[in-house]
Amino acid sequence: MKADIRVALVGNPNTGKSTLFNALTGLNQKIGNFPGVTVEKKIGYSQLPDGRKAEIVDLPGTYSLYPKSKDESIVFSVLAEKESELAPDLIVVILDATNLKRNLLLYTQVADLKIPVIIALNMIDLAKKSEIIIDIDLLAKKLGVPVVPVSARKLEGIAELKTAISFANKFALQQESIDVNAIAPDLIESISREINTDNPYFALQLAHQHENLAFLTPAESDRIEELEKEHSFHSQKAQATETIARYSYINDVLYDTVTTPVTAHDESHSNKIDKILTHKVFGFIIFLGILLFMFQAIFSWSAYPMSLIEEFFVLIQGGLRNILPAGPLTNLLIDGVVAGLSGVMVFIPQIAILFAFISILEDTGYMSRVTFMMDKIMRKVGLNGKSVVPLIGGFACAVPSIMSTRTIENWKDRMITIMVTPLVTCSARLPVYTLLIALVVPNRNVWWLFNLQGLALTGMYLLSLVSAIVVAYVMKYILKSRERGYFIMELPVYRMPRWNNVLFSMYERAKTFVLEAGKVIIAVSIILWVLSSYAPGNRFEKIEQKYQQPQYTKTIKHNELNRIVSSEKLENSYAGVLGHVIEPVIKPLGFDWKIGIALITSFAAREVFVGTMATIYSVDGDADRIESVQEKMRNAKDLHGQPVFTLAVAFSLMMFYAFAMQCASTIAVVYRETKDWRWPAAQFVYMTVLAYAAAFISYNLLK
Amino acid sequence: MTLSQLEVGEIGIVKEFTDLEMSVKLMEMGCLPGEEIKVSRIAPLGDPIAIHVSGYQLSLRKFEASTIILQ
């Protein structure tokens, strides 16, 4: 889509930036990554009243152009790089009308880059409610830029903002804010000459940030470094001077444009809620209660849609089998592709519900209170209050959770969070656990109230949290860091969640999951199907010839013979050979070569286990009898006629799945986030070792 | 007197900072010399604290609060 004007959306966190973005673009948006980094890039399109089309880029929320976290570092480079395909023609700065002073700091920095700017004065309705009086015309006059009052939540002022965008100047007309040159006069002059820019603030920003800017050549960056040394430039002192100067300018701007009542209504209202939600006792009880409710909801609300999806795919499989001619291609389509698809689709309800909860908790402002309450405990084990969000998210899926660690500014805290998040029981382990628990744990109640199977599942979830905390505690002593951790965080006022955003996040996350995980699972299903349907050399022909001999056809019943043939074929197929290769290693854990195949395929994604079991035992079993995977596994016998899935084997398997790093997507995302192969490698090794040890111990204890 | 020594509900005015690195971050968030700070609450486990400053609520650890010297 070609746009006539490119607009960048900039603002502090919690100013309603994404709501405004949604209001401007509707569903006409796409999500990608900024080039070279994994920071999420949201681009949308908006039709302007003059018929032109605007491309709107939503930049991560930040309090200043000096980045504190990975996400924030993208803002300056997008705004500053003139040749980039993202370089904006116009910047819309969103300001929270209820907190203009702090919001204007970012505005004055952005304005000094001398790109045309418009101010969207958001939450104007809340400001009125809190009796904050803003002289908008005077504010616009003093700053020299258009100021458009909007309420993104109520969709007020959106049309006016679009009009302002279409009438925006091609040249920056904003008033000078502070005397930038005074901060480091000689250095700014030398850099301006070196880089050939006439913007002193751009030159100053290069002095601060040149090490992290991709658009500078190494030679340019080195030259700036030299100049800094020459002029003995001290980055932090310069930042302090600049910030003080900016706030003094902001006070000048605000003193005759804004009148604030002594206490804002919203604040006191929020205070009352905080008294309960962060209470010494009730605070934790409510938090636990919300978590419990969330998990109950994830399991119980998703049960019905999940069974619908399963039934739907069973219907499709049956239908396809009737329509298509029998043959290897049809088998590949039905047992490989469709079975694999159904394995992915069935998770959609759980993922959507979990992300609905997370987005509600974040939107209302509750998540930052959880961070506030938990920081002290988390710090003790080497984490950070902000690690709570990825850890809770880990119950759904480690991939988005690891991406959400970008809000943790401290490197060591962030690395430890990334390393332990995959230990938390994610939704992909759930089908493995449910299947195995249903197999070996009796479905009855103890102490009238607790269901034994439910208790076993709860135990697995608790174990995952405990192991994450223990591993974090150990890593706290292994990782060395000179960087200081800090925790300076806004506690936004409580607000009702924006249901549009919640729905949008559910849709977006489910879509990403299906596309990302779907690719892996379908690929694995196809590979597995091929591996188990073909054998090296002419082994299959030999088996068929062997069982055509009269001593077999005469003495064994037809059905029984078929079963023996297909079972021997599986054992000799590529998959079977592979399973046999690793059998000696997994024997001490109680696993046979068939489970070995499932373990290998599960290293792509854990949920593949169920599908693999289905494939292996349907190849193995009697094709005429349709039974569930669970039935098939229950009836599986070893060479001595003993059941394969005993209590010891099932628990050993669960322990293995609890600890092992069996997820290609997680490994990929850890690499993307750390930019170093040693992190995912170390994670893979430590988790596999833990998994082996835990499985070995539990098998030998229960045997 | 530092910010970490204030009780809940008490008010102080920022005078200066003991730590340059921390001061840059705190000032960006609106904790400037001359600014009034009120301690709104302390986290259930005694750390971090929540303060009211320049029209909004900010949370910071006790250690960070101890780098803010009050008038």
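Me: Two strands pair if DSSP finds at least two bridges between them. In this predicted model, which residue of β3(B) does Arg41(B) stand opposite?
Reply: Start with the strands: β2 (residues 36-42) of chain B and β3(B) pair in the antiparallel sense. Five bridges link them. Opposite Arg41(B) in β3(B) you'll find Ala50(B).

Me: And on to β4(B): what is the bridge partner of Val53(B) there?
Reply: β3(B) also pairs with strand β4 (residues 56-60) of chain B, again antiparallel and over five bridges. The hairpin of β3(B) and β4(B) has two residues between the strands. Across from Val53(B), the bridge partner is Tyr56(B).

Me: Which residue takes a positive phi in the hairpin of β2(B) and β3(B)?
Reply: Look at the stretch between those two strands, which holds six residues. One of them has a phi near 95°, and that's Gly46(B).

Me: Is β3(B) largely enclosed or open?
Reply: Ile49(B), Ile51(B) and Val53(B) point one way, while Ala50(B) and His52(B) point the other way. In a regular strand, side chains alternate between the two faces of the sheet. Five of the five residues of β3 (residues 49-53) of chain B are buried, so the rest of the structure leaves this strand largely enclosed.

Me: Okay, which helix gives the largest share of the largest nonpolar core?
Reply: That core has 206 residues, and Leu9(A), Val93(A), Ile118(A) and Ile119(A) touch the most other members. Ten residues, the largest share, come from one helix of chain A, residues 647-659: α29.

Key: Residues numbered from 1 in each chain as written. Chains lettered and ligands numbered in written order. Predicted model: local features only at pLDDT ≥ 70, side-chain atom pairs only at ≥ 80, totals over all residues. Core = buried A, V, L, I, M, F, W, Y, C linked by C-beta atoms within 7 Å. Buried ≥ 20, exposed ≤ 12 C-beta atoms within 10 Å, placed from the backbone. Helix = DSSP H or I, 4+ residues; strand = E, 2+ residues; numbered from the N terminus.
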